[in-house]
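I open this notebook to record what I looked up in one structure. My topics are the sheet and the nonpolar cores.

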Amino acid sequence: MSQAGAIDYEMIFQHAPVGMCVSSDRVIRSCNGALAAMFGYARSQLEGHSFSVLYPTMDEFLRTGDRIVPIMNAKGRYSDERIMRRANGELFWCHVTGRALDPAQPLGAGVWTFEDVSEKRPVSAELTPREREIAALLVEGKTSKLIARETDLSPRTVEMHRASLMRKFSASTSSELVHKLVGAR
């Protein structure tokens, strides 16, 4: 706090215990040191760049944007856990929460937080981009039918990806797969 007792919001932003950024049109306008460190970049390497640098693939970046809009329009905020990519290429699970500053522009100016949850949920299998997307939605407790609707896939295609995930994680049931995805032992 300053001498007059005013709150120094810049200091709070820079020292927050989670990664934070201010964005507009899916471009990072300002980020704190925790966000840069989590992803293995210097702040200057992120500020002014698209969020796409934090995703495993461009396709995942685009599909996530498509998924965010209707949820932001309905709720005014968005939150999920997804696999992200560090500067060194390492993939990790990240809890992401955001809110648009203007509810009429869900991908316009916004405030986002990022929390590395890889310690409790390691990425332990080589997954395709679509498998990562479906895994994230399974972790949210969504059914194949809901996942199919959200991803614009057929329920049969979602079931094929779920079966592939079950093989890769040596899971014999869907609930066992979810437990393995969330890192439950």
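How many bridges join strand β1 to β5? I found 5 bridges between β1 (residues 19–24) and β5, and the two strands run antiparallel. Helices (H or I, at least four residues) and strands (E, at least two) are DSSP runs, numbered from the N terminus; two strands pair if DSSP finds at least two bridges between them. I noted that the model is predicted, that local features need pLDDT of at least 70 and side-chain atom pairs pLDDT 80 or more, and that totals for chains, interfaces and linings use all residues. Residues are numbered from 1 along each chain as its sequence is written, and side-chain values use heavy atoms, without hydrogens and water.

**Sheet.** I located V22 opposite V111 in β5. I then read the strand order of the open sheet of 5 strands as β2-β1-β5-β4-β3, with antiparallel pairing. Its edge strands, β2 and β3, each pair on one side only.

**Cores.** I looked up the largest nonpolar core (buried Ala, Val, Leu, Ile, Met, Phe, Trp, Tyr and Cys residues joined through side-chain atoms within 4.5 Å; buried means under 20% relative accessible area with a 1.4 Å probe, protein chains only). This core has 23 residues, and F39, F51, W112 and F114 have the most contacts inside it. The elements that give two or more residues to this core include α4 (58–75) and β5 (110–116). A second, separate core has 20 residues, among them I83, V158, M166 and F169.

**F114.** Leaving aside neighbours within four places in sequence, I listed its contacts (heavy atoms within 4.5 Å); they include V18, L35, F39, F51 and M84.

Terms used
Buried means under 20% relative accessible area, exposed over 50%, partly exposed in between (1.4 Å probe, protein chains only).
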